[in-house]
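Take a walk through this model with the coordinates open beside the text. The route runs from one residue's surroundings out to rings, charges and a sheet.

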Amino acid sequence: MAEKIKVAVAGNPNVGKTTIFNALTGARQKIGNWPGVTVEKKEGTKKHKGHVLEIVDLPGTYSLSAYSADEVVARDYIIDEKPDVVVQVLDSTNLERNLYLTSQLLEMGTNLVLALNMSDRAEMRGDDIDIPRLESLLGVSAIKTVANEGGGIEALLDSIVSKTESNPPKPHEIGYGKTVEEKICALEDILGNDTELTKHYPARWMAVKLLEGDENVLSKLSSSNIEGKVQNYLSGFDNEEYEVEMADKRYEFIGALLPQVCTTCAEDVSPSDMVDKVVTNKYLGIPIFLSLMWGMFELTFALGTPFMGLIGKFFGWLGGAVAANIESAWLASLLGDGIIAGVCSVLLFVPNIFILFFAIALLENSGYMARAAFIMDKLMYKMGLQGKSFIPMLMGFGCSVPAIMATRTLEDEKDRLITMLVTPFMSCGARLPVYILLAGTFFGREAGSVIFGLYVLGILVAILSAKLFRTFIAKGQPSPFIMELPPYTRPSLVNSLLYMWNQGYLYLKKVGTVIIGGVMLVWVLAYFPQGVEYGSAESLIGSLGQLIEPLVAPLGFDWKIAVALIFGVVAKEIVVGSLGTLYGTGGGESLSPALLADPSFSPAIALGLMVFTLLYVPCFGAVAVIKKETGSWKWMFFQAAYSTAVAWVLALVTVLVANLVL
Amino acid sequence: MTSKIPLSMFPSGQACQICDVCAGKGLKRRLVEMGLTPESIIQPLGCNRGSLLISVNGSRYALGRGMANKIMVQPVYEEVPQFG
Ligand SMILES: Nc1nc2c(ncn2[C@@H]2O[C@H](COP(=O)(O)OP(=O)(O)O)[C@@H](O)[C@H]2O)c(=O)[nH]1
Ligand SMILES: [Mg+2]
């Protein structure tokens with residue numbers, strides 16, 4: 001009989017939770033939601049000794065009093081879902097702070113297993129941790145792990161399984177001093193009247209959380225008849241008084257515990273600090289950051305190009321084979337002009353996108369991302385944001401959807417709103433196909449500079465919009481910036497590959513569903529009504545295009561571009577996909593000559609189209625996630641309207657200027 | 001008498017000690033939970049256009065200027081000065 005065990009992996013940020021989670025579950029992960037900086041719980045399963053472990057990777061949190069949206073996810077999961085076992089991952093080189101969360105988990109009476117991770121680092125500097133003593137003092141099991149090398153993972157699994165077989169632990173008690181204890185006792189008495197509630201949660205723990213003003217626990221009382229009494233009692237004094245005091249007491253408890261279990265050899269200046277001296281230097285910081293970015297895109301193109309050639313050849317061959325072997329004219333057209341031409345023009349760029357995601361994973365895993373936030377803090381502050389907002393914006397180069405979700409790490413609501421509204425201007429991977437096609441076709445050897453310019457334009461629009469929003473919409477100061485910087489590590493290959501695969505998989509899934517669907521629709525509209533020339537102005541799509549052409553005519557766009565832009569709202573790659581389908585070119589590479597031959601295209605128009613594609617309403621996925629994360633239709637429509645207006649104006653300026661210059 | 005001044009005004013390059021945080025209770029507790037406990041020693045590591053890089057209790061933190069204004073510090077004395 002396989003028994004299901006619910007396991008949650010929790011801990012401070014950057015202690016190695018995701019690495020442990022990956023090591024525990026292998027590739028058996030559900031990637032329903034976006035991975036990356038873990039902001040939403042990620043699930044996986046593992047069979048071990050006849051048990052099925054359902055493991056959840058939670059966002060990093062310093063304590064159970066949540067401050068930011070991602071911490072709320074972690075806290076609510078632990079409190080509401082009541083996992084059978086909580087694995088807290090600790091950084092062995094910084095036990096004091098890590099044990100703060102442990103003390104809170106113990107108070108709750110969770111079934112706790114400690115993974116003392118980064119034990120390689122602790123050992124290297126000569127720390128000595130007495131595990132048996134730690135276990136007996138806290139009444140938990142503790143395992144030393146080196147997650148990035150798989151060390152201790154088997155033992156951790158054994159420990160999780162045996163934890164479920166032992167009796168549930170008695171909640172740990174921390175003494176808070178006379179005045180606070182009196183309040184706790186009084187609250188415990190009131191709570192004791194609701195036996196239903198105290199059956200689920202220890203009364204003392206609830207009393208402590210109530211004194212700390214925990215909203216989740218307060219909301220648990222709403223259905224109970226003792227709520228009034230509790231509110232009444234709490235309103236009798238200012239409980240904020242005690243928040244800091246209680247935190248201090250927890251540290252006191254840890255302070256008394258630590259010397260008994262571990263001897264630490266603090267280091268003065270770590271190698272990581274020496275790197276930081278250079279990387280965050282006042283003069284070198286920004287140039288180093290820019291060269292890393294440049295290197296990242298250079299890598300994306302240099303490594304991607306040979307693959308592009310191969311994929312192009314394959315589809316060229318496939319298109320030829322279809323044309324030669326399929327009798328029925330309409331079917332050959334659907335497959336050749338429609339699906340193959342459309343999908344090929346998008347699939348061509350899969351290697352680039354995988355490489356881009358890999359590069360972002362390397363930046364994130366090495367610890368550099370946090371430094372970039374630090375370097376940019378001053379600039380971001382001037383623009384009405386704070387350093388931390390820079391991380392989601394950087395992730396926006398990959399894909400806006402996980403980037404917008406990553407804004408959950410921002411504590412302040414206004415900071416978060418502004419960051420969400422401007423992140424889609426950061427040029428995501430899906431826009432790359434449009435640039436490569438158009439810049440490659442019309443700008444030849446200058447294509448690289450044109451594409452770089454588009455990225456810069458995106459950043460500028462994002463930054464200026466942030467300033468605008470801060471001045472007119474979300475008035476006020478950015479919240480004070482503080483962020484822990486993880487030590488630099490050699491990025492784990494497995495982690496980075498998994499990240500790349502998870503993100504790239506979602507991209508492929510998009511090609512397989514939304515994009516095939518989109519180009520098939522374009523084909524149907526281009527093929528019918530029966531008898532008209534394929535993709536001509538007389539076809540259905542021609543009529544549709546001409547209907548909306550006036551809207552973009554001032555920019556010099558013709559109806560084909562109008563159609564491509566309309567369908568591009570679904571996913572921006574479709575701009576290229578539908579051009580491929582409309583021009584009915586079998587292989588992606590032959591779309592270029594078709595565009596060059598079309599008199600309604602010119603370098604100026606191509607530039608305008610790229611600017612428009614960069615800036616106009618983000619794809620459905622991004623728009624939907626803005627709605628979900630802001631919880632409001634208003635902001636979603638605002639973002640869509642604002643970005644389209646900006647796109648229209650800037651594309652017009654681009655075309656006008658380009659016509660003068662080119 | 002010890003002189004308490006904001007971290008942002010403290011002469012750069014010198015170690016100092018946290019004595020207080022001038023902020024709402026929420027932020028105050030947040031800092032404690034992040035490991036910036038009262039009386040901890042702050043080692044400055046670097047400065048970039050007003051943002052600070054510090055080491056406290058073995059962890060590294062990046063602080064914006066606004067945050068550095070809220071953290072009150074005093075110099076660290078090698079031996080506790082004796083009065084009276
Ligand atoms: N030296 C060392 N590095 C580790 C260990 N475990 C994880 N790391 C690295 O620490 C970094 C942060 O890990 P991650 O799993 O993303 O942390 P999370 O934020 O807690 O999910 C990654 O670069 C890992 O490769 C370990 O045991 N030893
Ligand atoms: Mg993680």
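Start at Ala147(A). Setting aside neighbours within four places in sequence, Ala147(A) is in contact with Gly16(A), Thr19(A), Ile20(A) and Asn117(A). The model is predicted, so local features are described where pLDDT is at least 70. Ala147(A) sits in the loop between strand E8 (141-144) and helix H6 (153-165) of chain A. Is Ala147(A) buried or exposed? Its relative accessibility is 7%, so Ala147(A) counts as buried; the cut-off for buried is under 20%. Now look across to Ser536(A). The two residues are 389 positions apart along the chain, and their C-alpha atoms are separated by 59 Å.

Next, the division of chain A. The assignment gives domain 1 (3-165), domain 2 (178-263) and domain 3 (285-476 + 496-661). Domain 3 is written as two segments. Between the C-alpha centres of domain 1 and domain 3 of chain A there are 38 Å.

Now the rings. A pair of aromatic rings is described by the distance of the centres and the angle of the planes. Over all chains, 25 aromatic pairs are counted. One of them joins Phe425(A) and Tyr642(A), with 6.1 Å from centre to centre and 70 degrees between the planes. The pair is edge-to-face, because the angle is over 60 degrees. Which parts of the chain does this pair link? Phe425(A) belongs to the loop between helix H20 (413-422) and helix H21 (432-443) of chain A, while Tyr642(A) belongs to helix H30 (residues 633-661) of chain A. They are 217 residues apart, and the pair links distant parts of the chain. Phe425(A) counts as buried because its relative accessibility is 1%. Tyr642(A) is buried too, with a relative accessible area of 18%.

A second pair involves Phe557(A) and Phe612(A). Their ring centres lie 6.1 Å apart and their planes stand at 85 degrees, so this pair is edge-to-face. Phe557(A) is in the loop between helix H24 (540-552) and helix H25 (559-568) of chain A; Phe612(A) is in helix H28 (residues 603-615) of chain A. The pair therefore ties together parts that are 55 residues apart in sequence. Both residues are buried.

Return to Phe425(A) and Tyr642(A). They belong to one aromatic cluster with Phe469(A), Trp635(A) and Phe638(A). Rings also meet charges in chain A. Lys82(A) lies over the face of Tyr201(A), 4.7 Å from the ring centre. Lys560(A) lies over the face of Tyr583(A), at 4.3 Å from the ring centre.

Turn to chain B. It holds 2 helices and 6 strands. From the N terminus on, the elements run β-β-α-β-β-β-α-β. Of its 84 residues, 46% are buried. Among contacts in chain B with a separation of 6 or more, 57% involve residues 24 or more positions apart. The accessible surface comes to about 4,000 Å², with 53% belonging to carbon and sulfur atoms.

The last stop is a sheet. Strands of a sheet pair through backbone hydrogen bonds, either parallel or antiparallel. Here 7 strands form an open, antiparallel sheet in the order E10(A)-E5(B)-E4(B)-E3(B)-E2(B)-E6(B)-E1(B). Why is one side of strand E10 (482-485) of chain A and of strand E1 (5-6) of chain B left without a neighbour in the sheet? Both stand at the edges, and each has a single partner strand. Further in, 5 bridges join strand E2 (residues 16-21) to strand E6 (residues 71-75) of chain B. Cys16(B) stands opposite Pro75(B) in E6(B).

Key: Residues are numbered from 1 along each chain as its sequence is written. Chains are lettered from A and ligands numbered from 1 in the order in which they are written. This is a predicted model: local features need pLDDT of at least 70, side-chain atom pairs count only at pLDDT 80 or more; totals for chains, interfaces and linings use all residues. Side-chain values use heavy atoms; hydrogens and water are left out. Rings of Phe, Tyr and Trp (its six-membered ring) pair if their centres lie within 6.5 Å; planes under 30 degrees apart count as stacked, over 60 as edge-to-face and the rest as tilted. Helices (H or I, at least four residues) and strands (E, at least two) are DSSP runs, numbered from the N terminus. Buried means under 20% relative accessible area, exposed over 50%, partly exposed in between (1.4 Å probe, protein chains only). A charge sits over a ring if NZ of Lys or CZ of Arg is within 6 Å of the ring centre and within 35 degrees of the ring normal. Domain bounds come from an automatic or database domain assignment. Contact means heavy atoms within 4.5 Å. Two strands pair if DSSP finds at least two bridges between them. Accessible areas come from the Shrake-Rupley method with a 1.4 Å probe; for residues, only the protein chains shown count as cover.
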